[in-house]
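Visitor: I'd like a close look at one part of this protein. Could you pick a helix, stay with it for a while, and then show me what lies around it?

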Amino acid sequence: MADWELRPASAADVEAIAELRAVVLRGDLERLGRYDARRVRQRFRDGFEPGCTWVIEVDGEFAGCVALRPDAGARCHWLEHFYVGAQHQGRGIGSGVLGELLERCDRDGVRVVRLNVLRGSPARRLYERHGFVVEVEDAVDVFMVRRLPT
């Protein structure tokens, strides 16, 4: 298991994250017939919220990112933009980061965490191991939810 740290994202991180997003999602988006090199980056830039985003660092270097965005209207938090660079995958980083964020949610009384993952993505197994279940699916996305036990 690799040593990793989370640090708050800043506006200066937008391009590194947009590029990582394009690389990490490319295979799944191509398989689904949805890859557009410009659009995949711009969609991230357009919705980037540094205050809800953390950068994952391994040995002080950029390794990935994750966002946890409160949604008062839906009475939940959305787990978004969870990307780990290929060279850091398979080392327990994703599971460790997800576990830490979910522990924070539990401590803070966040009862519902939602996310969506692309159909066929291997990331779905990670989410299922951490208690997420499928709510609904469409041709592209699988929407999942984790509810805090009562």
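Guide: Happy to, and bear in mind that this is a predicted model. Before we get to the helix, let's warm up at the surface with Arg75, which is exposed because its relative accessible area is 71%, over the 50% cut-off. You'll find Arg75 in the loop between β3 and β4. Its backbone is worth a glance too: phi is positive, about 55°, although Arg75 is not a glycine. Most residues other than glycine have a negative phi. Asp59 tells a similar story: phi is near 55°, a positive value, and again the residue is not glycine. This one sits in the loop between β2 and β3, and with a relative accessible area of 73% Asp59 counts as exposed.

Now for the helix, α3. It is built from 16 residues, and from the first C-alpha to the last it reaches 23 Å, close to the 22 Å expected at 1.5 Å a residue. Its buried residues are Ile93, Gly94, Gly96, Val97, Leu98, Gly99, Leu101, Leu102 and Cys105. After the helix comes Gly109, with a positive phi near 80°.

What does α3 pack into? Look at the largest nonpolar core, which has 27 residues; the members that touch the most others are Ile56, Leu79, Phe82, Val97 and Tyr127. Val97, as you saw, is one of the buried residues of α3. Two or more core residues come from each of β2 (53-58), β3 (61-71), β4 (76-84), α3 (93-108), β5 (112-118), α4 (123-129) and β7 (141-147). Of these, α3 gives the most, with 6 residues. There is also a second, separate core of 16 residues, and Ala9, Ala18, Leu29 and Phe44 are among them.

Next, have a look at Arg146, over in strand β7. Arg146 counts as buried because its relative accessibility is 11%, under the 20% cut-off. Its side chain makes a polar contact of 2.9 Å with the side chain of Asp106. Leaving aside residues up to four places away in sequence, Arg146 touches Leu102, Asp106, Arg111, Val112, Val113, His130, Gly131 and Phe132. Leu102 in that list is another of the buried residues of α3.

There's open space to explore as well. The largest pocket holds about 1300 Å³. It is lined by 46 residues, and those closest to its centre are Leu25, Phe82, Tyr83, Val117 and Tyr127. Phe82 and Tyr127 came up earlier, among the members of the largest core that touch the most others. Our helix takes part here too: α1 (14-31), α2 (37-47), β3, β4, α3, β5 and α4 each supply at least two residues of the lining.

Since α1 has come up, let's finish there with Val14, which belongs to that helix. Val14 is buried, with a relative accessible area of 18%. Beyond residues up to four places away in sequence, Val14 touches Phe44, Arg45 and Phe48. Phe44 is the residue you met in the second core. For a sense of scale, Val14 and Gln89 are 75 residues apart along the chain, and their C-alpha atoms are separated by 21 Å.

Note on methods. Residues are numbered from 1 along each chain as its sequence is written. This is a predicted model: local features need pLDDT of at least 70, side-chain atom pairs count only at pLDDT 80 or more; totals for chains, interfaces and linings use all residues. Side-chain values use heavy atoms; hydrogens and water are left out. A nonpolar core is a set of buried Ala, Val, Leu, Ile, Met, Phe, Trp, Tyr and Cys residues joined through side-chain atoms within 4.5 Å. Buried means under 20% relative accessible area, exposed over 50%, partly exposed in between (1.4 Å probe, protein chains only). Helices (H or I, at least four residues) and strands (E, at least two) are DSSP runs, numbered from the N terminus. The expected span of a helix is 1.5 Å times one less than its number of residues. A polar contact is a pair of N or O atoms within 3.5 Å; within protein, one must be able to donate a hydrogen and the other to accept it, and residues adjacent in sequence count only if both atoms are side-chain atoms. Contact means heavy atoms within 4.5 Å. On a 1 Å grid over the protein atoms alone, a cavity is a set of points where a 1.4 Å probe fits but cannot get out, and a pocket is an open set with protein on both sides within 12 Å along at least five of seven lines; lining residues have an atom within 4 Å of a point. Grid points are joined across faces, edges and corners, and a volume is the space filled by probe spheres set on the points.
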